[in-house]
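Hi,

Here's the structure I promised to send over. Have a look at it first, and my notes on the charged pairs follow underneath.

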Amino acid sequence: MTILCVRFQLPPTSEAALPGLLGTLEEFTPVIEALPPDGALADLRGTERYFKRDVEEMASLIRVRALAWHGVDCVIGAGPGPMFARMALREAAPGTTRVVPEDPCALAEFLAEQPVRALPGVGTATARTLCEYGLDSVGKVAAAPLSTLQRLTSARTGRELHEMAQGIDRGRVVPNAVSRSLAAERPFPRDELDPDLHRRALLSAAEELGSRLRALEKVCRTLSLTVRYADRSATTRSRTLPEPTAHSSSLTDAAYRMYEALGLQRARVRGIALRAEGLDPAERASYQLTFDPVDEKVRRVEEVADRVRAKFGPRAVMPGSLVA
């Protein structure tokens, strides 16, 4: 089985092009998992035989079509499973394909050389803990006893680390629909270092998402934040909301918390994007009852503001900090 992990090299203002690019992948396989804001996993099982091309030729064909039809290049990692495809993507240079062969010896050699941070799901805190004990590479993690890994992390995390380091990839490509999400992007005219302007961009994007969700009579269960930097890299964080919501104030609070958790210091930010995911009809959502008069007042003001915007335009009513 061959899995592709594709990251499209989208400019900060072109996240909306992702559905069309996924359509390009669907020309080759129906088993596609969207990875917003700019990526996807594709299961090519059976596709190579149908097109009579190997994985590198298939990846090249995908790159050519993405360039010809959408003007977007991509970088691709390929491997026998989603974990290996994601790790191969980390090593691929822009506009190239990195393929991890299925030979067991080649897989073991590839894993042994990887830093522990390359394993999917290993965050900064877990990587720091492992490195403090000398487990700074996947090869060293593979050689460590399972009990040691579980003592350093947790029973579940240690077991997952041990399996991944041994080359056991239990991941699957789960087809999903990127259309079940809404995105709002705020690019900066220049690389921006001012945290206050970052927060204003978050507030503006959250206000837009809330207004669009209410207009569609939808609520979202998850909010994702993507921060793009001057070196074209990006950081994405997601947070499951306490309850499904379409209220701008709740979305803004969640966006602020995710931004503060990044701990950016003097970061040159090129653009910020928020994505509301897991959309459901508002009429089916359950809500926690509240007796807070301030919260009720905010919701009533929000309803009035929506009616004013519908009549006089989106800028008829906005937070005071965004007027400038």
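**Salt bridges**

Glu-260 and Arg-199 make a salt bridge, with 3.0 Å between the closest N and O atoms. This pair ties together distant parts of the chain: Glu-260 belongs to helix 11 (residues 248-262) and Arg-199 to helix 10 (residues 195-216), 61 residues apart. Arg-199 is partly exposed, at 26% relative accessible area. Do keep in mind that this is a predicted model.

Another one to look at is Asp-191 with Arg-270, a salt bridge whose closest N and O atoms sit 3.2 Å apart. Here too the pair links distant parts of the chain, with Asp-191 in strand 6 (residues 181-192) and Arg-270 in strand 9 (residues 269-277), 79 residues apart. As for exposure, Asp-191 comes out at 22% relative accessibility, so it counts as partly exposed. Arg-270 is also partly exposed, at 26%.

Then there's Lys-140, whose side chain meets that of Asp-136 in a salt bridge at 3.1 Å, N to O. Lys-140 has a relative accessible area of 42%, which makes it partly exposed, and Asp-136 is partly exposed as well, at 38%.

If you'd rather look at something beyond simple pairs, try Arg-186, Glu-208 and Arg-212, which are joined in a network of salt bridges.

And how many salt bridges are there in the whole structure? The search finds 13, and those described above are just the ones I picked out for you.

Cheers

Key: Residues numbered from 1 in each chain as written. Predicted model: local features only at pLDDT ≥ 70, side-chain atom pairs only at ≥ 80, totals over all residues. Heavy atoms only, no water. Salt bridge = Lys/Arg side-chain N within 4 Å of Asp/Glu carboxyl O. Buried < 20%, exposed > 50% of the residue type's maximum accessible area, 1.4 Å probe, protein only. Helix = DSSP H or I, 4+ residues; strand = E, 2+ residues; numbered from the N terminus.
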